[in-house]
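Here are a few exercises to work through with the structure open beside you. Try each task on your own before reading the solution.

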Amino acid sequence: QTVGFSQIGSESGWRAAETTLTQQQAKERGIDLKFADAQQKQENQIKALRSFIAQGVDAILLAPVVATGWDSVLEEAKEADIPVILLDRMVDSSDDLYLTAVGSDLVHEGNVAGQWLVDELGGKDCNVVELQGTTGSSPAIDRKNGFEQAIKGHDNIKLIRSQTGDFTRTKGKEVMESFLKAEDGGKNICALYAHNDDMAVGAIQAIKEAGLKPGEDILVVSIDAVPDIFQAMAAGEANATVELTPNMAGPAFDALAAYTKDGTMPPKFIQTESKLYTKDDDPMKVYEEKKDLGY
Amino acid sequence: MPESDASQPLLRARGVRKVFPGTIALDGVDFSLAAGEVHALLGENGAGKSTLIKCLTGAYRRDGGEILLDGKAIDPKGTVDAQNYGIGTVYQEVNLLANLTVAENLSLGHQPTRFGMISTRRMNAHAREVLSHYGLEIDVTRTLDSYSVAVQQVIAIARAVTLSGKVLILDEPTASLDAQEVEMLFTVIRSLRERGLGIVFISHFLDQIFRICDRLTVLRNGRLVGTETTSAIDRVDLVNMMLGRELEHEVRSHGKIHSGTGGTRLSFSGFGRRGRIEPFNLEIQAGEVVGVAGLLGSGRTETAEVLFGVAAHDSGKATDGDGTALNLASPRDAIAAGFGFCPEDRKTDGVIADLSVRENIALALQARIGWMRRISDREQKAMANDYIRKLDIRTPDAEKPVGLLSGGNQQKVMLARWLVTNPSFLILDEPTRGIDVGAHAEIIRLIEDLCTQGMSLLVISSELDELVAYSHRVIVVRDRHHVAELTGADITTDNMVRAIAAPDREAVA
Amino acid sequence: MSGLGVFFRRIWPQLLTLAVIVGLISVMFPGFFDISIANGRLYGSPIDILNRGAPVALLAIGMTLVIATRGIDLSVGAVMAICGAVSAWGITAGYGLGATLLMALSAGLACGLWNGLLVAVLGIQPIVATLILMVAGRGIAQLITEGAILTFNHEGLIFFGSGSILSVPTPVVIWVLTGALVTLVVRRSALGMLIEAIGVNLRASTLAGVNTRVLLIAVYMASGLCASLAGVIAAADIRGADANNAGLWLELDAILAVVIGGTSLLGGRFSLIASLVGALVIQAVNTGILLSGFPPEFNLIIKAVIILIILVLQSPAMRTLLVFFSRDPRGVAETEKETVTP
Amino acid sequence: MNARFLPLLATLAIFLVAYAICYAQYPAMLSTRVIGNLLTDNAFLGIVAVGMTFVILSGGIDLSVGSVIAFAGVFIAVMLRDTGLHPLVVFALLLTLTTLFGAAMGATIHFLEMPPFIVTLAGMFLARGMAYVLSIDSVPITHEFYDTLQKIYWLMPGKGRLTLIGGLMLLVFVAGALLAHRTRFGMNVYAVGGGTHTAALMGVPLGRTTVGIYALSGFLAGLAGIVFSIYTSAGYSLATVGVELDAIAAVVIGGTLLTGGSGFVAGTLIGVMIMGLIQTYIIFDGTLSSWWTKILIGMLLFAFIVLQKGLVWTTAKRRIAGG
Ligand SMILES: Nc1ncnc2c1ncn2[C@@H]1O[C@H](COP(=O)(O)OP(=O)(O)OP(=O)(O)O)[C@@H](O)[C@H]1O
Ligand SMILES: Nc1ncnc2c1ncn2[C@@H]1O[C@H](COP(=O)(O)OP(=O)(O)OP(=O)(O)O)[C@@H](O)[C@H]1O
Ligand SMILES: [Mg+2]
Ligand SMILES: [Mg+2]
């Protein structure tokens, strides 16, 4: 069986891990995986899909870079009788154009993170700064919305600054530095919410260099659960992270296998767990488990 | 033709002023051109001739004065305007586009169109037909850069002629033309004069002035010296007018004191490069001037370039006086062997336009010393000032970007660049092109001085008289072959012409 | 002294721009000039500008030289990523600090050599030649890190990112020293003039005996070296090599810095100091945007508008206009030069 | 044969040989499907590359086009979502806007004497910034007119489709070639590329030409934006990042010199096809990791350029030697 996999790119450790795991899963199942890296460009993904169709693969995995704009190419795949499974992000096409989607709910992730903060504070006043993902990317938009939903109605929590850190450590650090300066050397800030762990890791360094204690003076909550954040958590420098599992391909292949065997239609959305990790979850152990997954 | 004097001037400039920082290039110059006359514009290098032309045609904004065409004031804002007024111009230095075809260059802006589309066929046919008047039978669909400077010059003239309804301005059009082509040009000029065009002609060749021009206007240091009828003035007066003093040392002195007494300095045997120049033998004595004569495109420049390693030789070898072999694979090798080379196309091969006169002069010496040991600013300045004085380079100071000097002065800077390296063998390709009478004499004297000091020179020139004046030996090049060598009393213009024109190889001995 | 006078006349527009921008920020954000010492290191927004500006400043040094030869180096961002990756890899693989740094710098030199060979020997146009490494370089960096962020904890290497010397952050020390050193080398030797000569007229320089090939290669290698320093700093700053994002699009900032510094993209006359000031201008704009608290979707527009204003004010045509009002004959000189090159 | 056409022929030869090699490895590469895909998938790139060809021929560069495409998509999507205007009206509005944007950049370049690289870099920031301000979300386009447009295609034998946008690209290339080689404007573009100063002395209207060139590039970027919005039925402010570099690469691979003045619009089409071929090959292969993909693209770019140079050089040399 040949399966084409159109991956967004390799912009973060998390995505590298997803690629590695997909390849592992394919190997275990004896699937011939055709991998195409789109370098963050939708047009490249569409090209890849069309080429897969021209090549006559048996199924296609698609991790869409953006939700819109897939109708016509998905229709082409459907006409060619090639099932398409979406990984980790959704598309806004009609759901009969793909077999199923495996992923987590991005809004939900933001919500979990926000909920944690609400619970942790228990009514104390708190000024939050936010490090957004790349402006315009769906995780940035959804994780922001989810978080804001969670803190809505809790007047003790105020979002005082929000700026993009482009999902990168460097920018996370740089932006945090300026947050600290703009908010009275950080004394004004009680918590940081970062749309991914990488930015949080960068920000933690900035907080330390400003002479403050991340995790105590400023609470740190972020999303993704990459190995490095667990190290920080073990050192008490980060407080919580929401896991986005990179193993999307496992469930996808299972659904595909069932479908090809006897035509079992999987549910249209297979949601992965958005698990919350805190200090209490033995961060070092999780780190050891995760560190070789290609993050 | 003197009828022109009577009629109302066709083009008239009154009190034209143009100021550049540090230089008043034009200081209230008056100029008038009648229909049906050829009017020469004369003056030393940097006198302001080119600047006047550029002000007349809107290439520069003038700082004062007015321009009248047919009695009406005009104010060309750019060359397009001037063209629309019927003024066609050939600026100094060929100003055509190397990347376009010959035909496209000729018709740029005026291409024959049909339904808005250019008709390439008609454009090419037209180009062929225009060039045939100049005896040029070339492939007009090839890009301009496949032809030599001379051919380009002819094309530039042809273009300006087709564009000029009333006035044709030629700024040193003959600088890179040979006698035959000059004849051709003059025929064209005469016929245009018949047709009632006014023609402005700039040249440093006084013979040509006297042959073709009806009147002449002399500029000196940006000021008008006077306008005369050509027939009413003689050579000496004219030169005095231009220089503002007597020319001490008339050009044709036969001062060949040395003639290779210093023994062999260099010898090249079977030296050549496929597709460029056929293998030749050449021996050069210390203190000897070897002239190179030949028609345009005959391979004179190629000879120089192969010698200097610009286009490295692929056959033969070179040895110095002691018989040790020389490696001449690149200009650097050649410079290391004590060569110097003043190229013919100073715009692309010579000057570093944005750098100052000082830096341009110091460049070759610095390159030879290496980048580690910098020639100090003070030394550079001393060097530059020394040559500014010696060669009479007209510039306010040594810091002026060389690109802003007048054409002839740029040429002198090139010479200075090599003289400071004190080469033992200096190749000069058309060293006097675009140089005024005064400086011309200077340069010839300089060449003679240099060879008395023991320097060997190879001088390429289209002016046969000049070659006769200073060469100890003349090599004649034709069709990429060295066809003849003249020495001693055999060096005469006649002999050279015969060798150049000889139908077969063994023409002259 | 006339030398100093000439120098200031050359860079006053850049200094003025920087002053205006810093002034604007301090109006918007009054605490801007508060500088203190935290953890034995100077701490404050002005320090951030100097510190965060380090990569672009370093890149701008190399870029200035390249641009002076009429070239351009699009690969510097990718080279940063490669060198960061090499240093992270070296240090985690257990090579010492010295060996690691040596490897990282050699990697930068090698990249520069590659670019230089393409430009000087194969005669490929600089934009295209360096575009190749710009595309492939990030791949090479990822090959080294295998797509992940390669983290390290070696204090010696981290020192280059977040350490300090006499309370001055190390990156600042590095770029200031590099800038001073390169300026000194270039101006005390004949290199500066030769580079300018190449930039104005390559062919004429070759004919005058300048070793244009070697010099071109050297210039690209210098750019590679500067990029590798920047790469090491960027990696040390976040204690990890991020092959995907390190130096991403920084080549554009570096070019912008050089242009704000008044060096023409057509080669020729250059000023390293002015480029460095240009880099600080860019970083000041960035920092100012972050401090301002505008929503991030406005970042680009603000940056674009500010840069446009700066460039328009510095453009030759504006200078003519200014001169027209002030009637300073020197300004005329510069204008006339732009319009007419006989 | 004229020496001017050498780079063009060299490029064509390389393309054909490369295609043959791909075909030998994956016979499916010669299907009409792949050919149809090459045209459709690269339609927006091709269109914008035509504009880039003009810019580069004139010795300039336009870094703003990628952002302009993204802006165009967002503009169309937002207009269709928030107003009742017909798409054709929106297209007209958009094309006017992007043409003016290009013209403004051209005017800045000419009248303020600023280098194109920098002006268009600022333009690039500005256009994407505008897209962000319009909407940071990706906005779907649901207008039924879009469905109609997408349904227009010619089904070639073998199930390959020649789509509307693919056809439009070919049309733009034909128009571009005519404009470049058969009109005075085109000649002026070449003239400016040969040397601004000389061109001015020869009477080329510099200002008009420069403004025209960048306006054309802006227009074509807008058109490419429309094509891209048809291609994806959405507008997204993060779309087409770095497309300007792809376009430049396509133009250069197509044999146009970045220094200006020499090259052909037709070469750019081959350049675009070569880039598409590389991508298709990599996807057909399907074993390359993300990083090897980048490295391979870089290496192939290098190989093409060197090959082209080599071919041109040896042929030119033989011509000289042959007399
Ligand atoms: N763009 C410019 N900027 C500054 N000075 C200039 C510029 N163009 C010309 N000059 C100066 O103006 C003076 C007149 O130059 P012009 O080119 O008119 O001389 P010319 O008479 O044509 O000399 P030649 O016979 O050498 O061509 C010279 O001193 C020259 O240095
Ligand atoms: N009239 C012509 N028609 C066609 N090609 C020509 C013509 N004149 C020159 N060429 C070409 O230009 C090349 C350059 O010649 P080169 O510059 O060596 O000539 P030259 O003898 O130095 O003449 P000059 O320096 O006066 O132009 C020649 O080899 C030839 O190919
Ligand atoms: Mg002159
Ligand atoms: Mg010659």
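**Exercise 1. Place C:Ser106 in its chain, and decide whether this residue is buried, partly exposed or exposed.**

Solution. Start with the address: C:Ser106 sits in helix α5 of chain C, which covers residues 97-121. Bear in mind that this is a predicted model. Next, take the relative accessibility of C:Ser106, which is 36%. Buried would need under 20% and exposed over 50%, so C:Ser106 counts as partly exposed. To get your bearings, look for C:Gly84 too: 22 residues separate C:Gly84 and C:Ser106 along the chain, and their C-alpha atoms are 12 Å apart.

**Exercise 2. Find out what surrounds the charged end of B:Lys49, and say how far away the nearest side chain of opposite charge is.**

Solution. First, locate B:Lys49: look in helix α1 of chain B, residues 49-56. Now check for a charged partner. The nearest side chain of opposite charge belongs to B:Glu172, 5.0 Å away. A salt bridge has to be within 4 Å, so B:Lys49 is left without one, even though this lysine is buried. Then look for a polar partner on the backbone: the oxygen of B:Glu44 is 3.0 Å from a polar atom of the B:Lys49 side chain. Finally, list the neighbours. Leaving aside residues up to four places away in sequence, B:Lys49 touches B:Leu41, B:Leu42, B:Gly43, B:Glu44, B:Ile202, B:His204 and B:Leu219.

**Exercise 3. Work out which residues of helix α8 in chain B are buried, and what they pack against.**

Solution. Go to residues 235-243 of chain B and pick out the buried ones: B:Leu238, B:Val239, B:Asn240, B:Met241, B:Met242 and B:Leu243. Next, see what these buried residues meet. Their packing partners in chain B are the strands β3 (38-42), β11 (215-220) and β12 (223-229), along with the helices α7 (206-212) and α15 (437-452). Last, step just past the helix: B:Gly244 follows α8(B) and has a positive phi, near 75 degrees.

**Exercise 4. Describe the contact between chain D and chain C: how many residues take part, and how much area is buried?**

Solution. Count the residues on each side: chain D brings 40 and chain C brings 48. Together the two chains bury about 3,800 Å², with 84% of that on carbon and sulfur atoms. On the polar side of the tally, there are 4 residue pairs in polar contact and 0 salt bridges. Now ask where the chain D residues come from: α6 (116-134), α12 (243-253) and α14 (290-322) each give at least two. Sort the chain D side by class and you get 30 nonpolar, 6 polar and 4 charged residues.

**Exercise 5. Do the same for chain B and chain D, and name the residues of chain B that lose the most area.**

Solution. Here 29 residues of chain B meet 24 residues of chain D. The buried area is about 2,200 Å², and carbon and sulfur atoms account for 58% of it. On the chain B side, B:Leu97, B:Asn99 and B:Ile118 lose the most, together 22% of what that side buries. The salt-bridge count is 0, while 8 residue pairs are in polar contact. Among the elements of chain B, α2 (79-84), α3 (102-107) and β8 (117-118) each supply at least two residues, and α2(B) has the largest share with 3. By class, this side of chain B holds 9 nonpolar, 16 polar and 4 charged residues.

Notes:
Residues numbered from 1 in each chain as written. Chains lettered and ligands numbered in written order. Predicted model: local features only at pLDDT ≥ 70, side-chain atom pairs only at ≥ 80, totals over all residues. Heavy atoms only, no water. Helix = DSSP H or I, 4+ residues; strand = E, 2+ residues; numbered from the N terminus. Buried < 20%, exposed > 50% of the residue type's maximum accessible area, 1.4 Å probe, protein only. Lys, Arg positive; Asp, Glu negative; His and termini not counted. Polar contact = N/O pair within 3.5 Å; in protein donor to acceptor, adjacent residues only side chain to side chain. Contact = heavy atoms within 4.5 Å. Buried area = accessible area lost by both parts, 1.4 Å probe. Nonpolar A, V, L, I, M, F, W, Y, C, P; charged D, E, K, R; others polar.
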